[in-house]
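Trainee: Could you take me through one part of this structure slowly? I would like a close look at how two helices meet.

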Amino acid sequence: MSTAGAVLIVDDLASSRDWLARAVTLAFPGSELVLAADLRSARAASDPPPALALIDLGLPDGSGEELIEFLQPRGTLCIVATVFDDDAHLFPALRAGAQGYVLKDQSPEALAELLTGIANGQPPLSPSIARRLLRHFQPEPAGAAPLTPRETEVLGLIAKGLSVAEVAGLLGLSRHTVAGYLKDVYRKLAVGSRAEAALEAMRRGLIAR
Amino acid sequence: MAALALALAALAWAWRLRRLLREERALAVRRLAAGAKLAAAQAAAEERERIHADLHDDLGARLLGLVHAAENPRQAELARALLRDLRRVVTRARGTPGRLGDVLVDIRAEIGERLADAGIALDWQVGEDLPDPMLDSGHALHLQRIVREAVSNVIRHARARRLRIRARASQGRLCLELTDDGSGAGADAPASGQGLRGMRARAAELEGVIDWKTGTAGGTKVLLTMPLQAPA
């Protein structure tokens with residue numbers, strides 16, 4: 001990511017905003033920070049859309065998912081900043097187009113490293129979320145591009161509890177290549193959910209064929 | 001003769017009708033029971049969601065505040081450890097239904113982290129050929145809690161360096177063995193102790209049996225066996 005664009009931080013807790021701001025400054029020195037405490041002010045601060053957005057899901061005036069749905073198609077790299085990383089909690093945000101997530105209790109230094117990783121195309125993936133992804137793409141959801149055999153293989157190994165480094169070693173690939181597969185899976189998930197929404201709208205006669 | 005045939009036919013018809021009615025009633029009773037079970041499961045799921053929301057919005061946010069406001073790294077680490085525990089409880093308590101293999105992977109991820117923190121090596125032996133039936137969320141939760149408690153005992157009492165966990169199938173039953181190389185402090189399975197009582201009760205919920213023995217390496221072996229196919 002270039003440091004030219006603004007970084008939007010959306011969280012209703014002031015101490016959380018400051019904490020995340022410290023991490024962003026470490027990861028992307030010199031970037032312009034925009035802080036927002038709710039959806040309304042985040043939307044108001046999104047014209048032009050920021051290059052990167054760190055978004056808490058439980059906001060006072062709605063879910064951060066709405067903001068992700070709004071920003072991701074406009075080219076913003078959306079990352080969820082959360083306290084809980086279980087699949088039930090995160091999956092809807094990933095479907096909305098988030099390209100990764102971080103846990104807010106990590107130190108600013110650890111957060112900065114994760115943010116840099118996500119911005120460079122190395123998204124995190126836990127076994128339970130990998131499983132949820134496998135289930136989601138099988139059978140093939142309507143409107144979504146199917147996973148390639150390699151993507152399915154990588155997801156399957158992550159779902160068994162292996163780390164990205166272990167998967168790379170096992171398949172004789174670089175970590176970078178494995179991370180690239182994961183990034184593609186995230187992308188297919190978001191594209192699929194938008195295509196699905198369009199199909200649904202068409203079926204209901206909401207938009208012209 | 002014709003009257004007799006008619007009477008017989010009427011009798012046969014009446015019998016048939018009675019049988020049909022009986023079957024109908026039995027079906028209705030079964031449906032009602034299934035409906036009640038579904039409603040109970042739904043209510044339990046809603047209650048879990050409510051608790052989840054409370055934990056998340058309240059306790060989670062406050063612990064996070066403690067991490068952020070900590071005056072020194074030790075305080076921050078303490079609050080962070082509490083938040084990690086809360087995260088585990090919240091994630092597991094949701095009781096997402098899944099397959100046996102999913103539950104075992106989650107268990108491995110959880111206890112792998114805890115054992116590593118305690119400096120105990122984990123030797124995970126789960127065969128690729130283990131059957132992979134669906135587990136309902138209740139069964140999954142019992143299995144996770146039994147292993148969590150057994151691992152807590154190893155960390156607290158056993159002075160072990162190594163824990164081997166082996167899962168295999170035998171005659172339609174799952175055999176789960178946890179063997180440590182510690183002092184053998186838990187081998188006599190003291191009848192008292194809330195933890196052990198809880199483990200027994202959970203094993204019973206799984207229609208299984210749990211037992212404590214002296215392990216081959218002198219430590220403690222916990223053996224859980226349960227049917228692999230959950231009763232319908």
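Mentor: Happy to! Let's look at chain B, where helix H4(B) passes helix H5(B) in a left-handed crossing. Please keep in mind that this is a predicted model.

To place the pair, find residues 137-158 of chain B for H4(B) and residues 194-205 of chain B for H5(B). Two packed helices are described by the angle between their axes and the distance between the axes. Here the axes come within 9 Å and cross at roughly 155°. Angles over 145 degrees count as roughly antiparallel, so H4(B) is roughly antiparallel to H5(B).

Now for the residues that do the touching. From H4(B), the contact takes His142(B), Arg145(B), Ile146(B), Glu149(B), Ala150(B) and Asn153(B). H5(B) answers with Gly195(B), Gly198(B), Met199(B), Arg202(B), Ala203(B) and Glu205(B). Sorted by class, the residues of this contact of H4(B) with H5(B) come out as 4 nonpolar, 4 polar and 4 charged.

H4(B) also has a part in a wider picture. The largest nonpolar core has 99 residues, and those touching the most other members are Val10(A), Ile79(A) and Leu115(A). The largest share of this core, 10 residues, is supplied by H4(B). In soluble globular proteins, nonpolar side chains tend to be buried together.

If you would like to follow one of those core residues, try Ile79(A): leaving aside residues up to four places away in sequence, its contacts include Leu54(A), Val102(A), Leu115(A) and Ile118(A).

Key:
Residues are numbered from 1 along each chain as its sequence is written. Chains are lettered from A and ligands numbered from 1 in the order in which they are written. This is a predicted model: local features need pLDDT of at least 70, side-chain atom pairs count only at pLDDT 80 or more; totals for chains, interfaces and linings use all residues. Axes are lines fitted to C-alpha atoms, for helices over the stretch in contact, and angles run from 0 to 180 degrees between N-to-C directions. Helices (H or I, at least four residues) and strands (E, at least two) are DSSP runs, numbered from the N terminus. Angles under 35 degrees count as roughly parallel, over 145 as roughly antiparallel, 65 to 115 as roughly perpendicular and the rest as oblique. A crossing is left-handed if the near helix is turned anticlockwise from the far one by less than a right angle, and right-handed if clockwise. Two residues are in contact if their C-beta atoms, placed from the backbone, lie within 7 Å. Ala, Val, Leu, Ile, Met, Phe, Trp, Tyr, Cys and Pro count as nonpolar, Asp, Glu, Lys and Arg as charged, and the others, Gly among them, as polar. A nonpolar core is a set of buried Ala, Val, Leu, Ile, Met, Phe, Trp, Tyr and Cys residues joined through C-beta atoms within 7 Å. A residue is buried if 20 or more other C-beta atoms lie within 10 Å of its own, exposed if 12 or fewer, and partly exposed in between; C-beta atoms are placed from the backbone.
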